[in-house]
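Grab a pencil and have a look at the model below. The exercises each come with a worked solution, so try the task before you read on.

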Amino acid sequence: MEVGLLQCDHVPETLQHIFADYDIAFASLFAQYAPEISFRVYDTCHDELPSAPDECQAYLVTGSRHSVYEDIGWIQRLAEFVRQVYAHDGKLVGICFGHQMIAHALGGKVVRSTQGWGLGVKDVKLSASHGWMQPPAESYRLLLSHQDQVVGLPPDGEVLGGNTHCAVSMFAVGHNMLGVQAHPEFNPAYADALMQMRKDRIDAGISDAARATLDKSTDEAVITRWISAFLRHGFE
């Protein structure tokens with residue numbers, strides 16, 4: 001299945017020896033855990049979008065250093081494209097910024113977290129279960145790196161999982177859109193490098209606590225399989 005990867009950022013050149021770029025990371029992740037998915041990459045942060053909602057069979061929106069509510073042209077055009085995909089009943093998954101974009105574009109609310117950055121490895125407790133969540137689980141653990149979070153769902157939204165830092169860590173809208181706040185494509189070295197690069201913007205206590213979690217096991221294999229099943233079948 002060909003999925004349009006809407007790439008909303010690029011890895012800084014100074015860190016590409018640790019983590020090449022987001023399109024490469026997603027391609028590697030799915031090649032390992034869900035090889036039935038292939039990607040057609042759109043450099044969305046440089047204003048490249050599909051010409052129509054059905055140009056690909058489904059879409060995945062990546063993370064970004066930007067906020068979905070910024071007054072930037074490509075972000076506004078991406079929001080309109082997400083609305084078009086939803087109106088055409090197309091399937092779309094959002095990761096971090098992409099997760100927030102689904103909520104923002106469809107009438108939910110995204111704000112800067114009052115609890116500070118969400119960093120390191122965190123557990124998310126699931127509050128709902130659907131057929132595409134195979135293998136089934138009661139929780140999952142993934143790397144995170146975000147300042148903003150979803151605090152209000154769009155119409156027809158359903159919270160699927162959360163924790164004390166981010167109550168809406170996973171959600172769905174209707175039967176065809178899925179948001180995941182975490183980064184299944186990240187590795188610990190890159191997460192640590194990002195914290196180091198942003199140390200002037202992150203409370204030292206938060207980054208120290210996050211860094212202490214980086215040796216924990218994570219569930220990117222499970223989440224990648226869930227995303228693949230969702231993209232291929234939705235809630236069917």
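Is Phe81 buried or exposed? Keep in mind that you are looking at a predicted model.

**Exercise 1. Work out the surroundings of Phe81 and describe its ring partner.**

Step 1. Start with the cut-off: a residue is buried when its relative accessible area is under 20%. Phe81 comes out at 3% relative accessibility, so it counts as buried.

Step 2. Now look for a second ring. Tyr59 and Phe81 make an aromatic pair, with 5.2 Å from centre to centre. The planes stand at 90 degrees, and the pair is edge-to-face.

Step 3. Place both rings in the chain. Tyr59 is in strand β3 and Phe81 is in helix α2, so to speak two distant parts linked across 22 residues.

Step 4. Check the partner's cover too. Tyr59 has 1% relative accessibility and is therefore buried.

**Exercise 2. Find a stacked pair and the cluster around it.**

Step 1. The count of aromatic pairs in this model is 12. One of them is Tyr22 with Phe186, a stacked pair with centres 6.5 Å apart and 25 degrees between the planes.

Step 2. Trace where the two rings come from. Tyr22 belongs to helix α1, while Phe186 sits in the loop between β11 (177–180) and α4, and 164 residues separate them.

Step 3. Ask about cover: both Tyr22 and Phe186 are buried.

Step 4. Widen the view. Phe19, Tyr22, Phe186 and Tyr190 make up one aromatic cluster.

**Exercise 3. Pick three salt bridges and say what each one connects.**

Step 1. How many salt bridges does the structure hold? There are nine.

Step 2. Take Arg65 and Asp9, whose side chains meet at 2.7 Å, N to O. Arg65 is in the loop between β3 (58–61) and α2 (73–87), and Asp9 is in the loop between β1 (2–6) and α1 (22–33), so called distant parts of the chain, 56 residues apart. Asp9 has 7% relative accessibility and counts as buried.

Step 3. Move on to Arg112 and Asp148, where the closest N and O atoms are 2.8 Å apart. Arg112 is in strand β5 (residues 109–112) and Asp148 is in strand β8 (residues 148–152), so this bridge ties together parts 36 residues apart in sequence. The two ends differ in cover: Arg112 is partly exposed at 42% relative accessibility, whereas Asp148 is buried at 4%.

Step 4. Finish with Arg211 and Asp192, which meet at 2.4 Å, N to O. Here helix α5 (residues 204–211) holds Arg211 and helix α4 (residues 188–197) holds Asp192, so parts 19 residues apart in sequence are tied together. Arg211 is partly exposed, at 27%, and Asp192 is partly exposed as well, at 23%. Shared partners join Asp192, Asp208 and Arg211 into one network of salt bridges.

**Exercise 4. Describe the two largest pockets by volume and lining.**

Step 1. The largest pocket holds about 390 Å³ of space. It has 25 lining residues, and those closest to its centre are Ser64, Arg65, His66, Trp117 and Arg198.

Step 2. See which elements contribute. α3 (97–105), β7 (139–146) and α4 each give at least two lining residues, and the largest share, three residues, is from α4.

Step 3. Sort that lining by class: nine residues are nonpolar, 10 are polar and six are charged.

Step 4. Turn to the second largest pocket, with a volume of about 190 Å³. Its lining includes Phe19, Ile24, Tyr33, Phe186 and Glu220. The most comes from α1, which gives six residues. By class, seven lining residues are nonpolar, three are polar and two are charged.

**Exercise 5. Decide how well covered α3 is.**

Step 1. Count the buried residues: eight of the nine in α3 are buried, and the helix is mostly covered.

Step 2. Name some of them. Phe97, His99, Met101 and Ala105 are among the buried residues of α3.

Step 3. Step just past the end of α3 and you reach Gly107, which has a positive phi of about 105 degrees.

Technical notes. Residues are numbered from 1 along each chain as its sequence is written. This is a predicted model: local features need pLDDT of at least 70, side-chain atom pairs count only at pLDDT 80 or more; totals for chains, interfaces and linings use all residues. Side-chain values use heavy atoms; hydrogens and water are left out. A salt bridge is a side-chain nitrogen of Lys or Arg within 4 Å of a carboxyl oxygen of Asp or Glu. Helices (H or I, at least four residues) and strands (E, at least two) are DSSP runs, numbered from the N terminus. Buried means under 20% relative accessible area, exposed over 50%, partly exposed in between (1.4 Å probe, protein chains only). On a 1 Å grid over the protein atoms alone, a cavity is a set of points where a 1.4 Å probe fits but cannot get out, and a pocket is an open set with protein on both sides within 12 Å along at least five of seven lines; lining residues have an atom within 4 Å of a point. Grid points are joined across faces, edges and corners, and a volume is the space filled by probe spheres set on the points. Ala, Val, Leu, Ile, Met, Phe, Trp, Tyr, Cys and Pro count as nonpolar, Asp, Glu, Lys and Arg as charged, and the others, Gly among them, as polar. Rings of Phe, Tyr and Trp (its six-membered ring) pair if their centres lie within 6.5 Å; planes under 30 degrees apart count as stacked, over 60 as edge-to-face and the rest as tilted.
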